[in-house]
Every structure is written in C-alpha cells, then in structure tokens.
Amino acid sequence: MTEQRFLLTARSIVKSFGPTSVLKGFDLSIAPGEVHAFLGGNGAGKSTLIKIISGQFERDGGTLEFDGQAIGASVGGHVAAGTIAVVNQELALLPHLSVAENIAMPRLRRGTAKYSERASMEIAVEALSLIDPQFARESSGRLVGDLTLHERQLVEIARALGSGAKLLLLDEPTANLTAAETIRLFAVLRRLIADTGLAVLFVSHRMREIRQIADVCTIIRDGKTAVDRVALDAITDREIIECMGQSIVVDEAAASVAESAELAEQDTGGNNARIHAGALRIERDGVAIEVPAGAIIGLAGAPVGPSSLIDALTGIAPAGSWAITRDGARVSYGHPSAGARDGVGFVSGDRSNKGVLATLPIVDNLVAAARVVNRRSVVKREEIEQSTRLLDALKIRAGSLWDLPATLSGGTQQKLLIARWLLLRPRLLVLEEPTRGVDIRTKREIYALIRKMARQGTTIVWWSTEYIELVELCDTVLAFDLDGKPTEVLRHADVNETQLAAATGMAA
Ligand SMILES: Nc1ncnc2c1ncn2[C@@H]1O[C@H](COP(=O)(O)OP(=O)(O)O)[C@@H](O)[C@H]1O
Ligand SMILES: [Mg+2]
C-alpha cells in the first residue's frame, strides 16, 4: 500500500489555557481535495485546534506540517502568506466598513500599496464572484452592518477564499444558517473544491449536513483523537455521538454551592420574594408543553428555534407564532424589563455584549436585575451587604465588590449573571447556554445552582447545545428542527443523546 500524501499533518498537539488542559496530544491529517468533518462536543477544543493550525494561537507542544513544510509554533505566518484560510466561529467583520473594505483590507495591508477604493472594489467583486456574481455586484458597496447573518457569512468565506488558499478551515459556518442557506453554501464549496482542489476542515454539529458535505471525519474527545480519518460511510450517527460523548458527570456534591444557595432562603429578606404560582403552557405549530412550577425544561436544536422561544418568553421580541399562557391567561411582554418585573429572569448567551456590565463594578453587576425589578438606581448599603454575602457563598473570589468584572474569569462572570437572579427568586429563569466555554468545575457549580433554584420553585427554561446536560438535568426537553420548528416533547425517561440527535438533526 502506498502511503497517502497529506496536505496537513498535526501530530501530538498540546495546548493548555492556564490550568485548563484542552489538547493533550491530538493528531489530525487532511488530504488535498477532501472535506474533512472535525467533530467533538462543546468545549472539546475544536476552535482551539483551528486557531493553532491557522497561527492565531501558539501551541505548547507537537508538530505541524503543511504542504511538506514544518510550521513553527509562533503566532502568524502561514495565514498571512495566504496558504491556509480560516473562518472563525466568531465572525470577524467590521460592521461600519463596506463589504469591499472588509474583504480587501487584509490584502492591501499586506503589500506596500496605498489603500484605494477602486482597488478594493475590484478585489472584493472578484472574491465574492467565486460564490455568487450577482451578490458580488449588489453587495460590495454595502455596509457589513446592514447585511444579514447569512450574507456576512458569505463575505467571510469569500474573504478567506479570495486568497487562493489550499486549505480552508471553517469553524461552524452553518450554525446560524437555515437549511436552505446551508444548501447554497455547500454548492459553492463543492464548486470550489472541484475547480481548485481545495481541502476543507469543517466543524459542525449537524449530522445531516455533515453527511451531505464531508468525506471523512476525525473526532476529538478528552483532548485526544478518538476517531482518526474514518470515512463517513463507515460510521453511524450513533457511533459518532458515542465517540463524542463527554464524560461530564453532573454531580450535586459540588456541595459548597448547593449549600450556598441556601442564602436565598435565609438572609435575603422578604421584599424581593416572588410568587411562583401558575403553570405555564407553551405551544406552537401543534406542539405543546405544560410547564409546572419548579420544572427544568431543556431546549434543544439549531439556534433559530430556541432563540425564538426565548425571545417570546422574556419579552425581547413579540410572541409571533408562540402561544404562551399562565393559568389560561396569555403572557406577553412588550419589553424585557416588563418580563423581569413579572418575575421572568434571563441570562443571555451573549455574555460580553448582553450580560456583563463591563464598565460597572461587580456590585452593580450583581444587583442589576434587582434594580430593574424594583426601579432603583443607587446601590444601597443593604445591597452591598447582600452582594458581599453572595460572592462569599458562591465562592466568587473577587478582590473587591468595586472591581470590574474583567478581573474575573469567564466562568466566574457567568456565575455572576446567574447570581443576579438568585435573590429575586423569579418564577421563570431563562438561560441561554449558561455553561458554554465554562470549565467543568464551574459547570458543576452552575448545575447545582440551577437545581437549587428549581427546588425553590423557579421554573427553568434552559437552552443547551450539550445534550449530556439536557439528558441529566431536565425534566422535559423541547426539541426543534433545523428551521426552528418545534418537533417533539421528550420526557426525562425518554431523553437520551440519540433521541435528541434524531429530533433535532444535530449531533450535539
Ligand atoms: N482564549 C482562551 N482562554 C482561555 N480558555 C480558553 C480560550 N479559548 C478556549 N478556551 C477553553 O478551551 C476549551 C476548548 O474550547 P474550544 O476550543 O472553543 O472548544 P470547541 O470549539 O470544541 O467548542 C474550553 O474549555 C474553553 O473554555
Ligand atoms: Mg468552537
């Protein structure tokens, strides 16, 4: 047998962030002209590896070979040289610049030429024409801020492709696209692969589309290669999900926090206590879910579905096709503050833009929800005392209440956002991926906190992309398909990862 020639070979890649060891000797080989699915649970280290390959992160150990040449560990280099192109999970376009400027800027910056509007238009139209000549003509002069998410995704991909790269790294490019938009993107990728022999490393959680576009897969688990270059024809969905399985045991013995949430019962005074009475009923498209007080309800599926329900429950957007009632009476809020005053808490998945008040001290962050609910604006002595006790009880190690949230780790900031609702005892707490990017220890603390609040009568609606969490923690899970329609209500006894994958069309 002749040895296969690879475009990229990564061997024994090691990477830690402080005490968190993410990659523990990971191997990956990509052949020219293939679409290679890179699969793994949330937080497994996929984005980290992509940033190492594309020179955005330094690796701690291991070797990388691209097109026959060793790549050093330092940041930069090969992406700038245009041989490896990357579209990161977080889109990196500048909204206040035009499409043309966004596409051309990196390339014009590389040479010595002065920036020219005409040159940038030419570069952009050429790059976008690879994808869609009509879109290229229509959109090049528009501001990126005016584009839909799908259009922005196309601009990002065009920017990456225009460089004539041999390897394209796509980190969840379809996460925010509908099924129809995804089909269009795939048509573009197939054409480029046929025309140029491009290789694509493709991260996605959606089983159906992985099977549509990819030839082989590599699965990462516990920082190592669990499945190495296996043809997708040779592996079942069930096997893929089993291989991805993260060994997070949801363990309530995170006793410190379970105990600490007693705080809400003991020392908070009665003025903030809410009445939790009233069962919630949620319905859309003939799928209905009854939510008793204190239940933990999971939402599973592509973002478009869970987001629409969350928006309706919290008052971020009108209810649309959702029918939400409490004890038979319609529930609908014109604004999230109205929801908050009616006992609906919300922790946004967009922690840095819609959760943490970055310019205000920790104490303001902790009492933010109480201020909205109680229409207060100044921090009172009592609030300072409560906040101090909260930090203590939740084992949040802050220098002082008056430090900025940036002095805390990401996971701790997340605890802060949940703690914001703890003392108010909302009747409903809506959580968007509260454990995303959070280490396992903090995850457990968050689970314990959520369970505790549920026991106190708060109903929890929780969107998570980690099926293992939903399986372990939820009484009921509402599943959505790729177009955002609710498909099934799964009771605790029936919820498992295979069921969820089937009901949502997503592997995790
Ligand atoms: N810049 C960073 N600083 C600290 N920790 C990070 C950073 N980037 C990622 N991590 C951590 O590394 C782990 C893997 O993250 P990531 O590569 O984004 O996973 P995936 O893309 O597979 O979901 C997570 O625990 C995450 O919190
Ligand atoms: Mg990622």
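A residue counts as near a molecule if one of its heavy atoms lies within 4 Å of it. Keep that in mind as we explore this predicted model.

**Stop 1: ligand 1**

Select ligand 1 and show the residues around it. Which residues surround ligand 1? You should find Phe 17, Val 22, Gly 41, Asn 42, Gly 43, Ala 44, Gly 45, Lys 46, Ser 47, Thr 48, Phe 57 and Gly 437. Colour this shell by class, and you will see four nonpolar, seven polar and one charged residues. Helix H1 gives the most to the shell, with three residues.

Now zoom in on the contacts. A polar backbone atom of Lys 46 is 2.8 Å from an oxygen atom of ligand 1, and a polar backbone atom of Ala 44 is 3.2 Å from an oxygen atom of the ligand. Next, pick Ser 47: one of its polar side-chain atoms lies 2.8 Å from an oxygen atom of ligand 1. How much of ligand 1 does the protein cover? On its own, the ligand has 560 Å² of accessible area, and the protein covers 68% of that.

**Stop 2: the magnesium ion**

Stay with Ser 47 and select ligand 2, the magnesium ion. Its protein donors are the OG atom of Ser 47 and the OE1 atom of Gln 89, lying 2.1 to 2.2 Å from the ion. These two residues are 42 apart, so the pair links distant parts of the chain: Ser 47 sits in helix H1 (residues 46–53), while Gln 89 belongs to the loop between strand E6 (84–87) and helix H2 (99–110).

Is Ser 47 buried or exposed? Ser 47 counts as buried because its relative accessibility is 18%, under the 20% cut-off. Gln 89, at 36%, counts as partly exposed.

**Stop 3: Ala 165 and Thr 83**

Select Ala 165, in the loop between helix H5 (149–161) and strand E7 (167–171). This residue is buried, with a relative accessible area of 12%. Add Thr 83 to your selection: the two residues are 82 apart along the chain, yet their C-alpha atoms are separated by 4.3 Å.

**Stop 4: helix H17**

Finally, select residues 440–455, which form helix H17. At 1.5 Å a residue, its 16 residues should span 22 Å, and its end C-alpha atoms are 23 Å apart, which agrees. H17 is mostly covered, with 12 of its 16 residues buried. Among them are Ile 446, Tyr 447, Leu 449 and Met 453, along with Lys 443, Glu 445 and Arg 451. Just follow the chain onwards to reach Gly 457, whose phi is positive, near 110°.

How values were computed:
Residues numbered from 1 in each chain as written. Chains lettered and ligands numbered in written order. Predicted model: local features only at pLDDT ≥ 70, side-chain atom pairs only at ≥ 80, totals over all residues. Heavy atoms only, no water. Donors = N, O, S within 2.8 Å, 3.2 Å for Na, K, Ca; no water. Helix = DSSP H or I, 4+ residues; strand = E, 2+ residues; numbered from the N terminus. Buried < 20%, exposed > 50% of the residue type's maximum accessible area, 1.4 Å probe, protein only. Expected span 1.5 Å × (residues − 1). Polar contact = N/O pair within 3.5 Å; in protein donor to acceptor, adjacent residues only side chain to side chain. Areas by Shrake-Rupley, 256 points an atom, 1.4 Å probe, with all protein chains shown as cover. Nonpolar A, V, L, I, M, F, W, Y, C, P; charged D, E, K, R; others polar.
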